[in-house]
Amino acid sequence: MLERTRRRKSTEITFIIPAEQPCGHVSVVGDFNDWQPGTHPFVARGDGTRAVTIALPSERRYGFRYLAHGDYWFDEEQADDHDGHNSIVHT
């Protein structure tokens, strides 16, 4: 799931996944972090989910995916779009 908080010149995107799926370390990788695993790891929240928030410049489009332990890549089903390879978020 994606949540957005619009600021004056940026948009904070909160990427949210269930706490138990998948197991282990998960990070969000994409155009905004040069596809570097581990740069933006998910953190457990009190409501039973894991999340990471990233402030991104507004009025742009970013490709991203989630990377879990064991080189398991997966997409965000509720992303703004999909290009056949990646999930897409618009800020």
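**Note on strand pairing**

1. In this predicted model, G63 has I88 of strand β9 standing opposite to it. That pair belongs to the contact between strand β6, which covers residues 61-68, and strand β9, which covers residues 87-90; the two run antiparallel and are joined by 4 bridges.

2. Strand β9 also pairs with strand β8 (residues 81-82), again in the antiparallel sense, and here 2 bridges are found. I88 appears once more in this pairing, as the bridge partner in β9 of D81. The hairpin of β8 and β9 has 4 residues between the strands, and within this hairpin G84 takes a positive phi near 95°.

3. Turning to the beginning of the chain, strand β1 (residues 2-6) and strand β2 (residues 10-18) run antiparallel and are held together by 5 bridges. The connection from β1 to β2 is a hairpin through 3 residues, and R6 stands opposite T11, a residue of β2.

4. Strand β2 has a further pairing, with strand β5 (residues 49-57), which is antiparallel and extends over 9 bridges. Two residue pairs help to trace it on the structure: I16 stands opposite A51 in β5, while I13 has I54 as its bridge partner in β5.

5. How many strands does the open sheet have, and in what order? There are 4 strands, in the order β1-β2-β5-β4, and their pairing is antiparallel. Because β1 and β4 (43-44) stand at the edges and each has a single partner strand, one side of each is left without a neighbour in the sheet.

Notes: Residues are numbered from 1 along each chain as its sequence is written. This is a predicted model: local features need pLDDT of at least 70, side-chain atom pairs count only at pLDDT 80 or more; totals for chains, interfaces and linings use all residues. Side-chain values use heavy atoms; hydrogens and water are left out. Two strands pair if DSSP finds at least two bridges between them.
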